[in-house]
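This briefing sets out the fold, the sheets, two helices and the internal spaces of one protein. Please keep the sequence and the structure in view while reading.

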Amino acid sequence: MRKQTLKRLRRGKARTFQDVVCGKRVYVDGRLVAAVLGAGALDSALADNAASAEPVREKAQCFLVRDLSNPGQRVLLNAGLSGGTLLSPTCISVGAGPFVTYHRALASRRKVWFSDAFKATHTLLMHIFLARLADVAAGRHQWVVIGERGEFARRARTNRGAPTTLLAFVAKHEVADQDLRATKRLIAGNLLRFLAIIDRNKSSTAMCSK
């Protein structure tokens with residue numbers, strides 16, 4: 001099965017569950033296994049496709065979720081940053097079903113800054129950002145993290161490119177900061193609209209039609 005899957009991948013689009021998970025690390029919420037799948041079905045399906053279970057969400061490449069339309073902020077941020085794939089339960093239970101793959105946000109050239117207020121308020125999101133930025137196994141990323149606000153503001157003042165080349169992760173009260181007006185300012189409530197973009201060429205036909 002693995003040789004056939006690799007041949008399909010070389011020819012072009014990954015359109016089946018088997019194409020997507022072959023050789024990948026899959027994160028599964030333990031509650032989903034107990035309620036929907038059963039540990040035996042999960043282990044068998046992953047083994048049949050040369051995939052493996054990944055207990056750490058920030059290291060996974062695929063994510064098995066109960067509802068593709070509402071996977072949760074942390075899962076979606078992980079998928080968006082890494083170019084990961086969300087899988088529906090039927091992918092495991094019957095070997096076929098809808099799935100959604102995202103463009104890898106970390107592959108786009110950006111200079112980014114996390115404000116102290118953002119870091120203090122959103123510790124769980126920061127854990128995901130730092131883990132994905134440090135994941136050397138995923139390949140090189142194109143983000144340059146700027147630690148000092150003054151240096152980031154200086155770059156913003158001299159920026160001649162699109163604001164989206166400079167990302168400022170800020171708290172709500174910092175959005176109106178005039179020093180950051182030439183940047184793309186993102187808060188916890190809207191960052192997924194920018195960082196989690198569906199790759200329709202690598203998602204299932206059922207999801208692309210929506």
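How many cavities of 30 Å³ or more does a search of the whole structure find? The search finds 1 such cavity, and its surroundings are described below under cavity and pocket. The model is predicted. The protein comprises 11 helices and 9 strands, and 43% of its 210 residues count as buried.

**Overall organisation**

- Among contacts between residues at least 6 apart in sequence, 66% join residues at least 24 apart.
- One open sheet is built from 4 strands, and another open sheet is built from 5 strands.

**The four-stranded sheet**

- The strand order is β7-β6-β8-β9, and the pairing is parallel.
- Strands β7 (143-145) and β9 (184-186) each have a single partner strand and stand at the edges, so one side of each is left without a neighbour in the sheet.
- Neighbouring strands of this sheet are turned against each other by 25° on average, direction ignored.
- Strand β6 (residues 110-114) pairs with strand β8 (residues 166-169) in the parallel sense over 4 bridges.
- Strand β6 is also joined to β7 by 3 bridges, and these two strands run parallel.
- Residue V112 has V145 as its bridge partner in β7, and V112 stands opposite L167 in β8.
- The bridge partner of F114 in β8 is F169.
- Because 4 of the 5 residues of β6 are buried, this strand is largely enclosed by the rest of the structure.

**The five-stranded sheet**

- The strands follow the order β2-β1-β3-β4-β5, and their pairing is mixed.
- The edges are held by β2 (52-53) and β5 (99-101), each with a single partner strand, so one side of each is left without a neighbour in the sheet.
- Strand β1 (residues 25-28) runs parallel to β2 and is joined to β2 by 2 bridges.
- Residue V26 has A53 as its bridge partner in β2.

**Helix α8**

- Helix α8 lies across β6, β7 and β8, and runs at about 120° to β7.
- The buried residues of α8 (residues 123-133) are L125, M126, I128, F129, R132 and L133.
- Seen down the axis of α8, these buried residues fall within an arc of 155°, so they line one face of the helix.
- The exposed residues T123, L124 and L130 are carried on the face of α8 turned away from its buried side.

**Helix α5**

- Helix α5 is mostly covered, with 8 of its 10 residues buried.
- Its buried residues are V75, L76, L77, N78, A79, G80, L81 and S82.
- The elements that cover the buried residues of α5 include β3, β4 (85-87), α8, β7 and α10 (191-195).
- Just after α5, residue G83 takes a positive phi of about 75°.

**Cavity and pocket**

- Rolling a probe the size of a water molecule over the atoms reveals where empty space is left.
- The largest cavity has a volume of about 30 Å³.
- Residues L81, S82, R104, L106, R132, D135 and A138 line the largest cavity; among them, L81 and S82 are buried residues of α5, and R132 is a buried residue of α8.
- The second largest pocket holds about 310 Å³ of space.
- Of the 16 residues lining the second largest pocket, D29, R31, V65, P71 and V75 are the closest to its centre.
- The elements that give two or more residues to the lining of the second largest pocket are α3 (30-37), β3 (62-64) and α5 (73-82).
- Helix α5 gives the most to this lining, with 3 residues.

**The loop residue T158**

- Residue T158 is found in the loop between α9 (149-157) and β8.
- Is T158 buried or partly exposed? T158 is partly exposed, with a relative accessible area of 46%; this value is under the 50% cut-off over which a residue counts as exposed.
- Residues T158 and A182 are 24 residues apart along the chain, and their C-alpha atoms are separated by 8.9 Å.

Key: Residues are numbered from 1 along each chain as its sequence is written. This is a predicted model: local features need pLDDT of at least 70, side-chain atom pairs count only at pLDDT 80 or more; totals for chains, interfaces and linings use all residues. Side-chain values use heavy atoms; hydrogens and water are left out. Buried means under 20% relative accessible area, exposed over 50%, partly exposed in between (1.4 Å probe, protein chains only). The arc is that of the directions from the helix axis to the C-beta atoms. Two strands pair if DSSP finds at least two bridges between them. Axes are lines fitted to C-alpha atoms, for helices over the stretch in contact, and angles run from 0 to 180 degrees between N-to-C directions. Contact means heavy atoms within 4.5 Å. On a 1 Å grid over the protein atoms alone, a cavity is a set of points where a 1.4 Å probe fits but cannot get out, and a pocket is an open set with protein on both sides within 12 Å along at least five of seven lines; lining residues have an atom within 4 Å of a point. Grid points are joined across faces, edges and corners, and a volume is the space filled by probe spheres set on the points.
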